[in-house]
Structures are given as C-alpha cells and as structure tokens.
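Subject: Structure handover

Hi there,

Here is the structure I promised to pass along. Please open it first, and then read my notes below.

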Amino acid sequence: MTIQDRDGYDFIVVSNRLPVDRVVSAEGEASWQRSPGGLVTALEPVMRAADGAWIGWAGQPDLDVEPFVGDGIHIIPVALSTDEVENYYEGFSNDTLWPLYHDVIAPPSYHREWWESYVVVNQRFADAAAAAAAEGAVVWVQDYQLQLVPKMLRSVRPDLTIGFFNHIPFPPYGIFSQLPWRTQIVDGLLGADVIGFQRVADASNFSRAVRRLLGHVTKNPYIEVPGEPSRRVLAKAFPISIDSTSFEELARRPEIQARAREIREGLGNPQTVMLGVDRLDYTKGIGHRLKAFGELLADGRVSVEDVTLVQVASPSRERVQAYMQLRDEVELTVGRINGDFSTMSHTAISYHHHGYPREEMVALYLAADVMLVTALRDGMNLVAKEYVASRFDGNGVLVLSEFTGASDELRRALRINPHDIDGLKDAMVQAIGMPVAERQRRMRAMRKQVLQNDVERWSADFLTALRGEAEGDVDLDDP
Ligand code: GDG
C-alpha cells in the first residue's frame with residue numbers, strides 16, 4: 001500500500017538516512033537491503049505495532065524513488081540533489097554542526113549557502129512528514145541534520161506529537177554561541193514535545209542555550225515555550241544503547257569464537273591483543289591512542305612480541321577535507337610506528353581501513369583482551385557497549401574516555417582522559433596486566449548495565465515520555 005491510498009501513518013521516524021541501502025547487482029538490478037543499525041532493530045517492533053513509516057534519504061544524490069515497503073518497513077524516500085548533498089549534508093551537517101557540537105576539535109566552517117540549503121532540505125523532510133502523518137500521529141525526528149524539522153512540522157500540523165533525539169553531544173553555550181544561526185536552531189528544536197539527549201550535561205547545555213537566546217523559563221527538565229497557548233517541552237537525557245542480546249548471541253556462536261582464535265593466530269598469538277574500532281573521524285582520538293602505544297613501545301614498557309594493537313578505521317565522510325587530512329595523519333603515524341618497531345614475525349599495529357560485517361566485528365571483540373575507546377568527544381559510543389555485550393566470558397578490559405556518553409554509565413571501565421598521554425599509557429599498561437579476578441569483577445558490573453539497558457528499553461523510555469507529554473500541555477507549576 002502506498003501513502004496515496006491510505007489516511008497516513010500513526011508513527012513516523014524521520015532521519016537523514018533511511019534504514020535501507022540501495023544495492024545494485026552485477027547484472028545492474030537494484031534492490032534494497034536493510035542496513036544493520038541498532039536504531040532499526042529497536043524501532044522495528046514499534047513500527048509494526050503502530051502502523052509506522054520511515055522517512056529519509058536513500059544515500060545517493062538525485063535518486064527519486066516512490067514510497068515502497070522494504071524488508072517489511074514502510075519507506076518514504078526524500079530526494080537530495082548533488083548540490084544539496086554538498087551543502088546541506090557534507091557542508092552544514094558534517095563540516096559546521098559536527099565539529100561545533102564536538103567541542104570544536106576541528107574548526108567549523110560557516111557558510112551562508114550551506115545554511116540556506118540546510119533550511120531548504122529540513123523543510124522538505126518536514127513536508128514529507130506532514131503529508132504522511134495520520135491525525136494525531138507520533139513523529140520521531142532523529143539527529144543534528146534535522147534540527148529545524150520539529151518547528152516546521154508543528155507549524156503545519158499542531159495535532160502531531162513530535163519527538164527529537166540528538167545522537168551527538170549538545171555543546172556548552174560558549175561554543176554553541178559561535179553559530180551564526182544559533183537562535184533558529186534552538187527555536188527549531190523547541191517545536192518538539194520531547195527533546196532527548198545522550199547525557200544529562202547535553203540536556204542542561206541545551207536548556208542554558210534556550211535561556212540565553214530566547215529568555216524562556218526553564219524548570220529542569222522542562223522548558224516553557226510562551227505562546228497561545230503556551231507549551232511545555234521536556235529536555236532530558238535518554239542514553240542510547242545497543243541490541244545487547246544479539247551481540248551476546250553472536251559471540252556465543254562456535255564459528256565466531258573459532259574466527260576469534262584465528263584472528264589471534266594470524267597476529268602471531270601475542271599475549272595481549274588491544275583493539276580500536278572507530279569510524280575514521282577526528283572525534284575518536286585515534287591519533288592520541290597511536291601516540292600512547294608508540295611511546296609505550298619506544299619506552300620498552302611493551303614489546304611487539306607481547307602486545308599487538310588492531311585498529312579498524314572504517315571509511316567515513318571521505319569527501320570532507322578534514323577527513324582526508326585525518327586519514328593521511330593516521331596512516332603516516334601507523335607507518336612510522338610499524339617501521340620503527342615491527343619485526344619480521346610481529347607487526348606493532350594491524351591497521352584496517354575497511355568496514356566489516358557484524359560477525360567479524362564480534363569476532364574481533366572476542367579476540368581483544370583490551371578495548372581502547374579514546375574519543376575526544378562522543379555522544380555515546382556504541383562500540384564500548386558492543387564490546388561489553390560480546391564478552392559473555394566476563395573477560396576483557398575496557399579503557400574508556402571520560403568524554404564519551406558511555407562513560408557516564410560504564411563506571412567500572414578504566415576511565416581515561418585521552419589528552420593526558422601519560423595517564424593513557426599507564427591505563428594501557430594497567431589493562432594489559434590486570435588480574436583476571438579484577439577484569440571479571442569490572443566486566444560483570446558493566447555487562448549488567450548494558451544488558452539491562454538495551455536499545456529497546458531506550459526507545460520504550462523515550463516513547464513513553466513522548467506519549468506522556470502528548471496528553472496535554474500542562475502548566476509549569478503543575479507538572
Ligand atoms: C553516532 C554518535 C552515538 C563501525 N565500523 C564498523 C561498524 N561500525 C559500527 C559500530 C557501531 C557504530 O558503527 C558506530 O557507533 P558509535 O556510537 O561508536 O559512533 P558514531 O558512528 O559516531 O555514532 C555516537 C551513536 O551515533 C548512536 O547514537 O553513540 O556518539 O557519534 O555500532 O559497531 N560496523 C560494522 N563494520 C564496521 O566496519 N558492521
């Protein structure tokens with residue numbers, strides 16, 4: 001059934017990317033394959049139960065496709081032109097908002113034509129949602145590419161209940177205030193009934209921005225938006241998670257455990273395998289990690305016979321200049337360290353600029369004695385949670401940056417400040433030598449956290465809060 005012959009959907013997810021990818025076979029035949037993200041897994045049951053649809057971009061410029069049902073999910077594609085991909089997506093989303101929201105680790109670029117394209121594209125997504133939503137439907141907008149959609153949508157469809165979830169950090173006001181369009185962004189988000197953030201700190205950064213820019217009254221966790229009638233917006237932390245049991249199930253499969261052993265053998269069976277898995281992104285602190293490891297080898301505190309670092313750096317945003325430069329820097333450093341320290345039989349860093357299937361990722365998690373998450377700023381960091389969920393054996397040490405959302409929850413990780421290279425080196429040495437009993441104690445506590453708080457619970461918590469708010473605009477003094 002298409003949206004033309006129905007009254008609209010009761011539940012709609014709007015995200016920049018659709019949960020399906022268009023794949024073209026060798027024979028030139030196009031089909032749709034579900035992308036393996038946790039968000040799809042979490043929302044699929046909700047979609048089915050609530051007569052849902054997903055609105056998003058198919059990932060290729062100038063691809064105009066009619067709504068269809070792909071892998072059981074109702075899909076409503078939004079087309080982007082080549083110019084829009086350049087200006088709205090690679091430009092404003094990935095080269096303005098991304099660095100700005102990640103503590104300006106890289107300098108954000110501000111271009112008025114990128115902003116104009118962001119407005120146009122946000123309007124297109126809002127129009128698509130307005131056209132597809134049934135009377136009184138729930139619409140859940142995802143992430144920083146679509147911050148104007150809540151207000152745009154509310155202005156034409158006040159009957160809807162609108163949620164927004166920000167997957168990346170929301171920066172402190174001193175940084176956010178750089179943005180020439182800061183007021184429009186905050187105003188756009190306030191069109192939602194519930195605005196979800198990864199951390200408590202993100203929600204309070206947002207509330208402060210609202211007070212400073214618009215002067216609205218905030219009573220944590222609520223923001224009062226004046227108007228006729230006035231509205232109450234809930235701005236609160238809903239830390240995202242993963243499909244924990246599916247990671248554990250994969251890890252328990254004998255063939256994946258065999259693959260983990262094979263990986264270790266391929267590395268020359270070192271005593272300790274350390275692992276990093278990241279999109280190749282400057283927020284992930286890959287350079288800091290490599291520097292610390294290189295220094296440990298140079299100091300003689302670890303040797304290549306005993307310790308190997310496996311670094312998976314999956315290709316990302318390859319047309320954005322800062323990412324090209326980062327790749328050069330990382331690969332230069334890996335080459336130098338390997339040139340200086342590798343032997344004929346042992347490689348210091350096994351570096352992979354590839355994406356892998358999830359099975360291979362889980363085999364890597366099982367093969368790794370120590371997982372290194374050294375992000376300089378990260379909304380959550382799902383890799384940390386995936387590692388924990390996969391270690392059903394209770395073994396393995398997680399070294400985790402305190403600048404990730406995950407660090408608020410995984411208190412028993414070895415928490416580090418990645419800027420403090422000496423501290424990072426000490427934590428790596430501590431992880432390598434950690435007694436089994438201590439590893440297990442820490443891992444047990446972290447596993448409890450990740451298995452209890454999975455992505456299904458995350459979406460249920462968010463949607464419960466959203467439906468609660470939908471029950472009526474309540475006076476601030478009478479919550
Ligand atoms: C954003 C926020 C927040 C990576 N390489 C491969 C692969 N991956 C998977 C990981 C993990 C996901 O990609 C990456 O998620 P992260 O959370 O680590 O980071 P971002 O991509 O930056 O995600 C982040 C997240 O949104 C969710 O809200 O946590 O803070 O920045 O699932 O496993 N998966 C496969 N092959 C790879 O090579 N199969």
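**What surrounds the ligand**

By class, the shell around the ligand holds eleven nonpolar, five polar and four charged residues. Please keep in mind that this is a predicted model.

In total, 20 residues surround the ligand, and His167, Ser314, Gly379, Met380 and Leu382 are the closest of them. Four elements give two or more residues to this shell: strand 13 (272-279), strand 14 (307-314), helix 12 (358-367) and helix 13 (382-390). Which element provides the largest share of the shell? That is helix 13, with three residues.

**The two domains**

The domain assignment splits the protein chain into domain 1 (9-237) and domain 2 (244-452). Both take part around the ligand, as the shell draws at least three residues from each of domain 1 and domain 2.

How far apart do the C-alpha centres of domain 1 and domain 2 lie? The distance is 31 Å. As for the contact between them, 14 residues come from domain 1 and 14 residues from domain 2. On the side of domain 1 that touches domain 2, helix 2 (residues 82-101) gives the most, with three residues. That side of domain 1 is made up of five nonpolar, five polar and four charged residues.

So much for the ligand shell and the domain contact. Happy to talk it through whenever you like.

Best wishes

How values were computed
Residues are numbered from 1 along each chain as its sequence is written. This is a predicted model: local features need pLDDT of at least 70, side-chain atom pairs count only at pLDDT 80 or more; totals for chains, interfaces and linings use all residues. Domain bounds come from an automatic or database domain assignment. Two residues are in contact if their C-beta atoms, placed from the backbone, lie within 7 Å. Ala, Val, Leu, Ile, Met, Phe, Trp, Tyr, Cys and Pro count as nonpolar, Asp, Glu, Lys and Arg as charged, and the others, Gly among them, as polar. A residue is near a molecule or strand if its C-beta atom, placed from the backbone, lies within 6 Å of it.
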